[in-house]
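I opened this entry to look up a few backbone details and one helix. The notes are in the order in which I went through them.

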Amino acid sequence: MILEPITPRVLSVRRLPNASAAMVRAYGGDPDKHRSLGLVTVDQDDPTYVALDEATKHAPIDVIFAKSFYAGAAHASGRLSGEILGVIAATEPEAIEAGLEALLRCLEHDACFYAADPKATVTVFPHVITSLGEYLSREASLAPGEPMAYLVAPPLEASIGLDAALKAADVRAVRVQTPPTETNFAAAWLTGELAECEAAAVAYAQAVVEVAASPRA
Amino acid sequence: MSESGRWADRCVRRLDEPDRACTRTVAVVSSSAVSRTRQLISALRDALGSAEPLPPPPEVPEVPAPPARVYTPRPEKHAFAAEAAKHTTALVGIGHVGTRYATDVVLQFQAELAVAHEAVDAELPDDWAAQQGFLGLRTRVTDHREFLLRPDLGRRLDDASLELLRARAIKQPDVQIIVADGLSAVACMGSGKALHDAVAQACQARGLSVGTPVAARFARVWLEDEIGQEVGAKVAMILLGERPGLGTGDGLSAYVVYDPKLGNTDGDRNMISNIHARGIPVADAAARLASLAAGMIAQRTSGVRLDLARLGEASERTPRPPQVRQKLVGS
C-alpha cells in the first residue's frame, strides 16, 4: 500500500533525574541547568528530530543531543539502538516528563515515514511542521513559530523530489543534505508560507512515489 | 496532534512549591486532533488512486491545556525596599519570584512600554494648530521617521513657516511661547493648549508682553532659538512633549532661554520637566515658568548663569509628594 504511515518504533525511553555533570557536559549540555535528562532511541531518525522539536514546544526542555546512527535502523548496533539517540535536558525531572510525553505523542500520531511503494521498500518523509519549536528553528536558523517542510527520501528519490517540491511551491531551501548522510538518506528543509510548505511536501511525496514506481523512466 | 503550539512565557509560582523559581509554560492550541502531514499524505494517496483503505489512525489522547498560572511575589521581606517604593514610581521593591519578576510586574512593564511607544509613534494632526488658535509652523522635517532620525532638521523652520512667522507674528514681545509636539504628540494634544494659556496669563499678570501663540510640528527643543530670534523676543519658551518614560506618555517639558538666537546651547536654557497630572500640575508649572521668565529678564541671562536663589518661588526646592504609579493592568 503506497503512502501508508510507518509508525516509528520507540525502542527505549529512559530518564536520568540527576545526571552526572561530566556526562551532561559530554553530551553538549550545561550541567548548571541541565540536571535531568530524558533519553530515547527510535528506529526512525527524522521523525524523532521533529518529535524532539515538538517537545520543546510543550515543556521547558532543551535538546542537547540528537544524532543519527550510521547505516540506519536496518543495521543497528543492538536491539535497542534504532537509528537515533535523542537526549532532552532540563532542570527538573517533571519538565522531562512533560517533554517526553509530547515527544512520544508526536512519534505515535504525527511524524512518521510513509511507504512510497506497495512493499515499503522505498520510504519517504514528507513532513510539514506548522510551527517550529526552539530546537529545529535554531538548527534551521529560522524563528520559532515559522512553518517548515522537512523532506527526506533515499538519494535519487530525494533529488527528484526536491526539484519537484521547489518547482511546485513558493518555498526556499533552508538546508539541503545531499547523500550520503549517516543513514544514507537525503534531506531538505524548505520554508515559506504554511500553504506553500504543504504544497512542497505533497509534491515531494508524489515525486518519490512516482520514482519508486518507475525508477528507469 | 496539533503543531500550532504557541509560546506563552508566564512567570508562575505554584502554591505548593513556595521556593520554586518561575516555570515556563506553553499554551498549546489544539486546532485538530489529527496530524496535518498525515491528512495531506492521506489526501495525496486518494488522489493517486489507491483503492485500499488505510487502517484507522490511533486515537489521539486529549492534550490538556496548561493551567493559567500567575506567579505572585513572596511577601515583602525588605522593609527598606517597601518604604522606598512608596516614594517613587521607579521599579524598586517589586519583589521577585525565584530569579524573575512577578506576573503583574511584567504585565505592568509591558503596558507602560506600550504607552511610551504609542506616544512616540503619535503625530500631531496638520490642522491641530489652527483648531487650537495657534499659528501653525513646520520644521524642515518631512515625515515622522525623519523626525526621529534627524534632530538637526527639527531645530529649524522650513522656508514657508519662516515667511509665515515673519509676516504674522508680533515683534519684540517679552516672552515668545511655542507649543510643539516634541517626542510625544499625545502630551502636546493633551495639555499643550492648557499649559500655553496658563503660562501666557501668568506672564501677563507679571506685566510681561506675550508673543503670537505658535505651534510647531516635528519640533525639537532648539527650535525656540530660531523662532525667538526671528520675532526678537527677550525670552523664548518652548512647551513640548517629552521623551516618554514608562507609563508617562503625557508629560510636557518646558525649556526657557533668554536672548534666543541660533547657536545657543543647553547650558543657556532652564527647564521644567514632568508637567502632567501625576507630576507637576499645569497651574504650578505655569506660575514657575512665568517667574523664571521674569527672573531671566531681570537678570538678563539664563541657563547656568542664572541665579536661581534670586527667583523666589521658581527656585523652590520643597519636595513634592511622591508620584503615584498608575496601575494599567489587572485589578
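Below are my notes on unusual backbone geometry in one chain and on a helix in another.

Entry 1, status. I am working with a predicted model, and I read the values below as computed from it.

Entry 2, cis peptide. I looked for peptide bonds away from trans, since most peptide bonds are trans. I found a cis bond joining A:P179 and A:P180, with omega about 0°. I placed A:P180 in the loop between β9 (172-177) and β10 (186-191) of chain A.

Entry 3, positive phi. Most residues other than glycine have a negative phi. I noted A:L3, where phi is positive, near 60°. A:L3 sits in the segment before β1 (5-6) of chain A. I also noted A:A120, again with a positive phi near 60°. A:A120 belongs to the loop between β6 (113-115) and β7 (123-129) of chain A.

Entry 4, burial of these two. Are they buried or exposed? I count A:L3 as buried because it has 25 C-beta neighbours inside 10 Å, and the cut-off for buried is 20 or more. A:A120 has 15 C-beta neighbours inside 10 Å, so I list A:A120 as partly exposed.

Entry 5, helix α3 of chain B. I checked the span of α3 (residues 103-121), which has 19 residues. From first C-alpha to last, α3 of chain B reaches 27 Å, close to the 27 Å expected at 1.5 Å a residue. Which residues of α3(B) are buried? I listed B:T103, B:V105, B:Q108, B:E112 and B:A119. These buried residues pack against α7 (185-205) of chain B.

Conventions
Residues numbered from 1 in each chain as written. Chains lettered and ligands numbered in written order. Predicted model: local features only at pLDDT ≥ 70, side-chain atom pairs only at ≥ 80, totals over all residues. Helix = DSSP H or I, 4+ residues; strand = E, 2+ residues; numbered from the N terminus. Expected span 1.5 Å × (residues − 1). Buried ≥ 20, exposed ≤ 12 C-beta atoms within 10 Å, placed from the backbone. Contact = placed C-beta atoms within 7 Å.
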